[in-house]
Amino acid sequence: MSAIIDTFIAPPCFDEITLLFQDAHLLVINKPSGLLSLSGKNPQNLDSVHHRLVTLFPGCTLVHRLDFGTSGLMVVARNKAINAALCQQFSQRSVSKTYQALLCGHLAADEGMIDAAIAKDPAQFPRMVICAIQGKPARSRYRVIERSDYQGKKGKALPVTRVELTPETGRTHQLRIHCQQLGHPILGCDLYGGLLMPGAEQAERLMLHASALTFVHPVSGEVMHLSADSPF
């Protein structure tokens, strides 16, 4: 099998990371869209959440990641022990994550569940595929917030649905491919059909934002509830 080559070069991101919580053990940040979570192997992809934070907080490590185009909440450990404790919460699915997204078109149902296993697609890296045979179980809940129109700079109205998304599992690209499976891809999603609907090319970013995060502080035992308003 030939080696997978990642040719993606991230454009410069001039938006700043917002620090929402800080103590001696961990950070919670609001990541801007258009910033990598981790630096890539290509030196042109050096800028990232970790690259920026480690200069201010030496030894910090990412507990989880957000896609390049996704904005919103991330928790960052300030040492290895905290990282291990937080990773355990994520692996046990005791961390609650909520996202907001704009989906192309108007959904008929007000809420529902998407249950579709996800597998890697080595022929179309970095895409994932829905695959009941080789895929890992993946479930996402959605709830409609409002149905409206997206008005881009070109002035062409596009019907969209603002939804709250709650992933019950944490597969790569889960929300993006599940929304495509629903028949309403996330506006601005280049990998899963979010630029195909007439007028969708006006989207300036992937319309997906990690808006709420709940976890237990591994030292104090306090239940941490963080939120960040959607920028779109």
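**Group meeting: a buried leucine, a helix face, an aromatic pair and the cysteines**

Good morning. Let me begin with Leu103, which is buried, its relative accessible area being 0%. The structure that I present today is a predicted model, and the values that I quote are computed from it.

Where in the chain does Leu103 lie? Leu103 belongs to strand β5, which covers residues 96-104. Which residues does Leu103 touch, if we set aside its neighbours within four places in sequence? The contacts of Leu103 are Pro159, Val160, Thr161, Val163, Cys179, Leu182, His184, Pro185, Ile186 and Leu187. I may also mention Val144, which is 41 residues from Leu103 in sequence. In space, the C-alpha atoms of Leu103 and Val144 are 10.0 Å apart.

I turn next to Cys104 and the question of disulfides. Cys104 is buried as well, with a relative accessible area of 3%. How many disulfides does the structure hold? The number is 0. For Cys104, the nearest cysteine sulfur is that of Cys189, at 9.1 Å. A disulfide requires two cysteine sulfur atoms within 2.5 Å, and Cys104 is accordingly in no disulfide. Cys131 is in no disulfide either. The cysteine sulfur nearest to Cys131 is again that of Cys189, 19 Å away.

My third topic is helix α1, which comprises residues 49-56. Which residues of α1 are buried? They are Val49, Arg52 and Leu53. Around the helix axis these residues cover an arc of only 90°, which places them on the same side of α1. A general point helps here: an α-helix has 3.6 residues a turn, so residues three or four places apart point the same way. Against what do the buried residues of α1 pack? Their partners are β2, which is residues 26-31, together with β3 and β4.

Finally, I come to aromatic rings. A search of the whole structure finds 1 aromatic pair. The pair consists of Phe8 and Phe68, whose ring centres are 5.1 Å apart. The ring planes of Phe8 and Phe68 meet at 75°, so the pair is edge-to-face; the cut-off for that class is over 60 degrees. Why does the pair tie together parts that are 60 residues apart in sequence? The reason is that Phe8 lies in the segment before β1 (18-22), whereas Phe68 lies in the loop between β3 (61-62) and β4 (71-77). Are these two rings' residues buried or exposed? Phe8 is partly exposed, at 35% relative accessibility, and Phe68 is partly exposed, at 25%.

Thank you for your attention.

Notes:
Residues numbered from 1 in each chain as written. Predicted model: local features only at pLDDT ≥ 70, side-chain atom pairs only at ≥ 80, totals over all residues. Heavy atoms only, no water. Phe/Tyr/Trp six-rings, centres within 6.5 Å; stacked < 30°, edge-to-face > 60°. Helix = DSSP H or I, 4+ residues; strand = E, 2+ residues; numbered from the N terminus. Buried < 20%, exposed > 50% of the residue type's maximum accessible area, 1.4 Å probe, protein only. Arc of directions from axis to C-beta. Contact = heavy atoms within 4.5 Å.
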